Amino acid sequence: MEEILSKLLVANSKTIQEGTKELKEAFKKPEAIPALCDVIVTSPNPQIRQSAAVLLRRKLGKKRQWSKLNVEMRNRIKQGMLQALVNEQERLVKNAIAQFIGIIGKHEFPDNSWPEILQFVHTLTSSDTIFDKELGMYTLSIMTEISQGSYIVHAESFAVLFTNILNTITELKSNLAYYTVTTMKNLVPVIGGHQQMINVYHSLMPRILEIINSMSAEDDKRTCDMFEIIEELIEYAVTVVVPHIRVIIEMCLQIGSNNSISKSVQIKAISVVGWLIRSKGKVVQKNKLIEPIIDVLILLMALQPDDEGNEEYFLGDPDQFTSITVATQTLDLIALHIPAEKVVPYILTKVEPAIQGNDIYAQKAAYLSLAVLAEGCAERIRHKYLEPFLKCVCSAIHNPNAVVRNAAFFALGQFAEHLQPEISKYASELLPVLFECLNQIFAQMEKEKKDPPSLDRLFYALETFCENLDEGLMPYLQTLMERLFVALDPNGFSMQLKRVALSTLGSAASAVKEGILPYFERIIKTLNLYINSDPNSEIHELQCYAIETLAVIAQFIGAETFKPLAGESLQLGLRILGETNDPDVRKSVYALFAALAIVMKEEISPALPKIVNEMIESIQSSEGIVTHYEEEEKDIVYLDSSDEEEDAEEDIDGSSSASADSTQCRYSVENSYNEEKEQACLALREICINTGASFLPYIEKSFEEIFKLINYPQDDIRKASVEALLQFCIALHKVSTPEVKQALYKALQMFVPKCAELIRIDEERSVVMVCLDAYGTLLEEVQGDVFVGEGHREAIMNCVIDVLNLKTMCQDTDLGGVSAAESNDEDVEAEQDELLLESAGDVIPKFAAAITPEDFSLYFHNVLQLMSSRTKKQNSIGQRSFAFGTLAECMKSLNGYVEKFLPTLLTLWLTGAKDPSEEVRNNSIFGLGEMILYGREKVFSKYNEILQALSSAVSKETHAGTLDNICGALAKMIIVFPAFLQKLPLRDDFQENESVIKCFFTLYQQGNPILRQHLSDVIKVAVHIYYKDQTPNEDVKNILVEFLKTVNQDFAEEFANSVSSLGPEATESIHKLFSS
């Protein structure tokens, strides 16, 4: 056996193949296992001993394999491995043996058939000899890494062990300290339901922090490993961490700002701060730690980068973090999870002096700080700081130093992305500046023949600005296109310039849509040069970018314009798909197919079998999965698992069929393959939308495969999956055959509960919001069919209630012991948290519309209570406005059942009508009008109170939209006509003209004397609405026309005089109406 293993360790593929073949044959014989055990004990070669232990661990990793050995053999292995562990001197071999022991323990513990192992560990750790203590705890640290769940039954003895060791240890930097913390870290995932262990971890946390801190300056790998106990506790047992948050963060900030400590340790320390902000932001805020954290982050962002020309500001992979990227991303988390008023003013006290100073790296940090605030604090910046922020950044764009200039371009791009629509008003000031910078870069490239350091950042700013301008880009389109065509010259030297130019071209096309038509032919000609380039040429690497740009053009240029090229483009996509395995190219082709479905509709159907099959294969694919083995095992040759197992039956103990080796390696998926999967989901959704019944044969398989992705680790794929599955449900609903109806019910029985699960347990707010939006869309499109499945109604409403009560995983509710009474004044939500609440609120009126008023009234009490709490003055304007708006939209579905809630609702509306915010007043008055309209006679008893409030409001109100809603409410009451008439015609919200016209016609038909008294003014208002075309829909217009004709017939002279007083335009319009 030793000879066979030696062949696996040589650097000769032929010898390795020979050894692998011999090993396969050897494993067919029962003596192979004891032979490997003998090698562990007898071989003089440590690498061979290690290989033998690893092979045993893998071969016997499943209980059924271990159980096939006779009892005598199992006992011999157990005894032999314990002795081998004691005798082994080589660390890597000792690791491998301990891991094998851990696997055996996993199999033996449930039956309590190996008490010797824990006795072995206990004896060692109780010894007076430090070497024995270390060996015992080392063994336990390796064993618990393999199978945590097997050890929780021994929690009481572990609790005593951890307490004794950590409280008596004198050398905090020792192996024993490290192994103990590592063992505790390994057990964190299983301590959640064990209060004794929770208490022990809580009591030992200060000691653990001492150990981490003492080791931070000397052993970076061990320190980073031990920091993971905090990350694990945040994920699995956060109650342990909360009381210690101040001490943890203070230690992390001290380590993170200490430049004498290893960069990897600094980065790990700051990343722990990010974890705490994300999961327990309110506790961090209550402990007044936000400002000290910001101080350290800005300090780190001001470090000099290794590559000043191409510095990274954001990196998705934590393994690639730098001090600068971990700082920017932690500040981004602060912006996303902490209320803007607690963040922006303080950061400005740091930014202003830095910008005015002479330190270019401090200036860079200042602009990066402004940039990363843009998403999380968008509302506050848009309303309070936008102009000064822009002036500040634009002045830095001209800074002679690339470090400052790049940060400014990045900030401008972030502003363009997140501060819409207000930032678009500055297009006339910003775009000429960007174009001038572009001219300077072109001149510099022509002179130096190399890519300048600001190229990427400039185009990022330009692209994001163009993309969000929409039609506002048209005045600048010619200038932009001239520069893009220069950049896209295939003879130019810079591949990077061509890539960013292609991306910007797509952004411009998506903004102006048909406006790009004058450049269409030249664009297509240019794109074809790249798409059909020689595979061996340099520009062929840009093929995927050119295809993506072609997809954007196809989608937005207009179907009639692109249709002549659609067939050719379809064949091109199919050909390229057949020739490539490159995930980036496949992703771009899928985007093209989605765009072509928009253009071709059902005409794309003949190609669907091939297209759908390719996309399903991408969704199923495991390509791109990278296995990361532990360093000491990466060179060991393993047998393929399919060669090791004769069958695939499940373990008799029901354990997972995943490799028992899974804790010895980790997996990641290359980004390109993730993006391919995401695009496949999005493309199938788009094809489903646009091909109608032609897609029906593919829905079942598409649904089945995409459903498997809905818990995928990558959040963008989870979101794309939900959106695709939603569309499949909508498509099934549109077909009324019994078979398809059953398919819909089956799909909903999977989709509705899965969304409920994600809403509750997903840690990404954006995923939860997509699921809530999916519920809203389902209720709008599929309506009552959503509730056919058992429990669906409760599932949806309970999820909404949970979000509004801050009870889901992605919401932070723990205030670290601060009482609700103490927190009320300051307990403001972060802007992103408010968006999540609004997504939940948006579901309520749609839910209400899908059930009967009586049924909705049973839910409304809870809804009213939750929404009322968000109308209080300490809530933000956005929250107050959202609460009143949601309640207003519920009135129609509540109908006559308004009466049950009338006193509370009336108090709410009238309080909101006095709010200092015009947005809140507007929604409150609208809600009052809706209550009057749908409550009908049930509201009559409150008319006097309402009239007094509206009369008071109308005399003070200056906001056009709110005045219109006051008029609408008065119209809905069909009363107080003079006050009502004085404020007509409407100025802004013409939806309310429906109530106005119906009021006039009803009063006229009733022969109401108040209308006759003011008939001339009524005629003028009605004619104004008609000739200005301010009716909200055709039904209202028809009522208006009938009203005008009736009044003209009954009161011809008064009608003519009233119309003529409005001028020739009104007279001509009415003349045409009556003569038609």
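This report walks through the overall build of a predicted model, then a charged surface patch and one residue in an early helix.

## Overall build

Let's start with the whole chain. Its secondary structure adds up to 53 helices and two strands. The radius of gyration comes out at 35 Å, close to the 31 Å that the globule rule gives for 1076 residues, so the chain is as compact as a globular protein of that length.

As for its extents, the C-alpha trace spans about 120 × 70 × 70 Å along the principal axes. Of the 1076 residues in the protein chain, 57% are buried.

## A negative patch on the surface

Now to the outside. Four acidic residues, Glu723, Asp773, Asp842 and Glu889, form a negative surface patch.

One of these patch members, Asp773, sits in helix H37, which covers residues 765–781. Its relative accessibility is 40%; partly exposed runs from 20% to 50%, so Asp773 gets the partly exposed label.

## Thr20 in helix H2

Over towards the start of the numbering, Thr20 belongs to helix H2, made up of residues 13–26. Is Thr20 buried or exposed? With a relative accessibility of 19%, Thr20 counts as buried, because the cut-off for buried is under 20%.

Thr20 also has a partner worth a look. Ile4 lies 16 residues away from Thr20 along the chain, and the C-alpha atoms of these two residues are 8.0 Å apart.

Conventions. Residues numbered from 1 in each chain as written. Predicted model: local features only at pLDDT ≥ 70, side-chain atom pairs only at ≥ 80, totals over all residues. Heavy atoms only, no water. Patch = residues over 30% accessible without salt bridge, like charges linked within 9 Å, V, L, I, M, F, W, Y side chains within 5 Å. Areas by Shrake-Rupley, 256 points an atom, 1.4 Å probe, with all protein chains shown as cover. Salt bridge = Lys/Arg side-chain N within 4 Å of Asp/Glu carboxyl O. Lys, Arg positive; Asp, Glu negative; His and termini not counted. Charge placed at Lys NZ, Arg CZ, Asp CG, Glu CD. Helix = DSSP H or I, 4+ residues; strand = E, 2+ residues; numbered from the N terminus. Buried < 20%, exposed > 50% of the residue type's maximum accessible area, 1.4 Å probe, protein only. Rg over C-alpha atoms; globule rule 2.2 N^0.38 Å.
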